Amino acid sequence: MTTLLIAEHNNAALNDATAKALTAALELGGAVDILVAGKDCAKAAEEAAKLSGVAKVLVAESDALGHNIAEALSAQVVAIAGGYDAIVAPATSVGKNFMPRVAALLDVMQLSEVTKIIAADTFERPTYAGNAIQTVKTADSKKVLTVRTANFAAAGADGSAAIETIAAADAPATTTYVSEELSTSNRPELASARVIIAGGRGLASEEQFNAMLTPVADKLSAAIGASRAAVDAGYAPNDLQVGQTGKVVAPELYIAAGISGAIQHLAGMKDSKVIVAINKDEEAPIFQVADYGIVGDLFDILPELEKAL
Amino acid sequence: MKILVPVKRVVDYNVKIRVKADGSGVDLANVKMSMNPFDEIAVEEAVRLKEAGVASEIVVVSIGVQQAQETLRTGLAMGADRAILVKTDETVEPLGVAKLLKAIVEEEKPGMVILGKQAIDDDANQTGQMLSALLGWGQGAFASCIKVEGDVARVTREIDGGLQNVDVKLPAVMTADLRLNEPRYASLPNIMKAKKKPLDTREAADFGVDIAPRLQVLSTAEPEARKAGIKVESVAELVDKLKNEAGVL
Ligand SMILES: Cc1cc2nc3c(=O)[nH]c(=O)nc-3n(C[C@H](O)[C@H](O)[C@H](O)COP(=O)(O)OP(=O)(O)OC[C@H]3O[C@@H](n4cnc5c(N)ncnc54)[C@H](O)[C@@H]3O)c2cc1C
Ligand SMILES: Nc1ncnc2c1ncn2[C@@H]1O[C@H](COP(=O)(O)O)[C@@H](O)[C@H]1O
């Protein structure tokens, strides 16, 4: 059994998601190679080679591979897929974009957002916004899976795998990269933060969202998250959305302020270790999952909390 | 340009589903069913492209049981022109759905297919990407803006760190993210008109494609329930608990 893990990176650095997906890939039981496909991505490849338990790192470089375009990435993976029994990628926006293409081109049914490896062909995955956990066995001889990184610890970084350059595959030129608008922030990323403070519609405006959450987040070195209602209302950018269709997170501490606790939001945060809810409505469903609830006006409570920390 | 919009009938997003006690699946008896919310967004986008003069005809397609007709009628009431039901009583996985859609695309020859990014029952997030790969067409997944200029669509995509803009050659497959648009409610006159729009029913088995499931669901379980904790009276008490009881500060 050999497994190919597709690294997530921006050429200059490896994303944390790769080390977490590696843990899942190793649980399949075979040797794991990592593919770093990009352009001028030597730095990312070196980081991948340091991850513990990796057999070797394959590097493919071309202009087409420079921006995680799905057509190019999937063509590259399919070109080398013959040598592997399983293909794994983190269920990030990049993984979700190209992996189903790989599965279709190999005539395999993908397992999305795997949360637990039970055997090399049997997996757990959430459905219905995390309200029904399926145990699924695949009949496909090749396994294609994306893994939910919040459920796997990051692999260590004491390895020294060999790095091998491979030929870049021809890619269909159906989609071309134009530009990216990335939010710049010095905060920890949502996906890897130890503490998250998230705001909902209760924050009432973009100014108050920032004015209320930022000081607490600074004190706790926390990432900031948001409900969909807060994102839709323009209080926060879309990449902060936590939930069924946003990011799925499992920090040590999740503080939800002015968030009602709709199932679609809970789907993204209910595996957090400790949940704190701040809401003026004592009937809000968020209190049903909160370890510590405080009923009251967030505009009083958050500044008080900031002072008390 | 013709636009094809695949729409799935799913449990309404407001329903709190129940897992059957014997672990055999989710209880769907007498549960409200609706169009998958992302597919409403996909239909809305197609209707707007038609209103803008970019699209000439909108065909909605659903693969599923006879009652999926209702979902198709909803699409027709929102502004689609025609509907196709690919009937089957079996569960068809995303790979099978993509293969059936490919067969329909080959018959209908649309210039664009807009799917939802994810069905809220299986949470697979695969079908559009699979269809794009099988067709060899361009892919604009998780779209929050689609602008057609000639034979290219400029697509803004939602990605983890923010947004990515790409140019996708047409014909192409798009998948709709939540912020692509706000779907309209169908008006009563439009619901009445939709009853007279053409709806073709075809048998899935007649397409001659392999839709046999590859996955076997061994069991379905409720997630581990989280116990409601306690209410604290003050910020001081909260901080104390977080420090000394939970040990997270
Ligand atoms: C297909 C689909 C996918 C979705 N995906 C997601 C998703 O990924 N993530 C997500 O979050 N949502 C998602 N949603 C939306 C979800 O259903 C809810 O609408 C949303 O989570 C509500 O956000 P909210 O809790 O901020 O707003 P509301 O439900 O309006 O709640 C606001 C809360 O703030 C409280 N409040 C107001 N003022 C104050 C104050 N001064 N002090 C204290 N408390 C106050 C209120 O009591 C209330 O409980 C999705 C919906 C659909 C249909
Ligand atoms: N049975 C179906 N009939 C029509 N469209 C479907 C069906 N299943 C999936 N789709 C489309 O594919 C999208 C993604 O579904 P999924 O890959 O299952 O998450 C949905 O939003 C629909 O647009």
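This short talk walks through a predicted model of two protein chains, A and B, beginning inside chain A and ending at the contact between the chains.

Let me begin with the sheet that belongs to chain A. Seven strands make up an open sheet here, and reading across it the order is β5-β9-β4-β1-β2-β3-β10, with the strands paired in the parallel sense. The two edges are taken by β5, residues 111-114, and by β10, residues 162-165, each of which has a pairing partner on one side only. From one strand to the next, the twist averages 25°.

If you would like one place to look within this sheet, take β1, residues 2-6 of chain A, which is paired with β2(A) in the parallel sense over five bridges. In that pairing, Thr3(A) stands opposite Val32(A), which is a residue of β2(A). Two helices of chain A then pack on the sheet, and I will take them in turn. Helix α1, residues 16-27, touches β1, β2, β3, β4 and β9 of chain A, and its direction makes about 150° with that of β4(A). Helix α3 of chain A, residues 70-80, touches β1, β2, β3 and β4, and in this case the angle given is with β2(A), at about 145°.

While we are in this part of chain A, please look at the loop between β1 and α1, where Asn11(A) is found. Asn11(A) has a positive phi of about 75°, although it is not a glycine.

There is also a salt bridge to point out in this region, formed by Asp33(A) and Lys56(A), whose closest N and O atoms are 3.9 Å apart. Asp33(A) sits in strand β2, residues 31-38, and Lys56(A) in strand β3, residues 54-61, so that the pair links distant parts of the chain, 23 residues apart. Over all chains, the count comes to 33 salt bridges.

Now let us turn to the places where strands of the two chains pair with one another. Which strands form the sheet that contains β12(B)? It is an open sheet of four strands in the order β6(A)-β7(A)-β8(A)-β12(B), and the pairing is antiparallel. At its edges are β6 of chain A, residues 116-119, and β12 of chain B, residues 215-221, each pairing on one side only. Neighbouring strands of this sheet are turned by 30° against each other on average, with direction ignored. The link between the chains is made by β8 of chain A, residues 132-138, which is joined to β12(B) by six bridges, and there you can find Thr135(A) opposite Ser219(B).

A second antiparallel pairing across the chains joins β11 of chain A, residues 175-182, to β9(B) through seven bridges. Here Thr176(A) stands opposite Asp167(B).

There is also a parallel pairing across the chains, in which two bridges join β16(A) to β13(B), with Gly293(A) opposite Lys231(B). Within chain A, β16, residues 292-295, is also paired in the parallel sense with β15, residues 274-279, over four bridges, and Asn279(A) has Val295(A) as its bridge partner.

With those pairings in mind, we can consider the interface as a whole. In terms of contacts, 76 residues of chain B meet 84 residues of chain A. The area buried between the chains is about 6700 Å², and carbon and sulfur atoms give 54% of it. On the chain B side, Asp160(B), Arg214(B) and Arg226(B) lose the most area to chain A, and together they make up 11% of what that side buries.

What kinds of polar links cross this interface? There are 51 residue pairs in polar contact between the chains, counting pairs with both residues at pLDDT 80 or more. The largest share of the chain B side, eight residues, comes from β9(B), and by class that side has 38 nonpolar, 17 polar and 21 charged residues. The interface also holds five salt bridges, and Arg179(B) forms a salt bridge with Asp232(A), with the closest N and O atoms 3.2 Å apart.

I will finish with a detail of the backbone in chain B. Where is Pro171(B) located? Pro171(B) lies in the loop between β9 and β10 of chain B, and the peptide bond that joins Leu170(B) to Pro171(B) is cis, with omega at about 0°.

Definitions and conventions:
Residues are numbered from 1 along each chain as its sequence is written. Chains are lettered from A and ligands numbered from 1 in the order in which they are written. This is a predicted model: local features need pLDDT of at least 70, side-chain atom pairs count only at pLDDT 80 or more; totals for chains, interfaces and linings use all residues. Side-chain values use heavy atoms; hydrogens and water are left out. Two strands pair if DSSP finds at least two bridges between them. Axes are lines fitted to C-alpha atoms, for helices over the stretch in contact, and angles run from 0 to 180 degrees between N-to-C directions. Contact means heavy atoms within 4.5 Å. Buried area is the accessible area (1.4 Å probe) that two parts lose on being put together, summed over both. A salt bridge is a side-chain nitrogen of Lys or Arg within 4 Å of a carboxyl oxygen of Asp or Glu. A polar contact is a pair of N or O atoms within 3.5 Å; within protein, one must be able to donate a hydrogen and the other to accept it, and residues adjacent in sequence count only if both atoms are side-chain atoms. Ala, Val, Leu, Ile, Met, Phe, Trp, Tyr, Cys and Pro count as nonpolar, Asp, Glu, Lys and Arg as charged, and the others, Gly among them, as polar.
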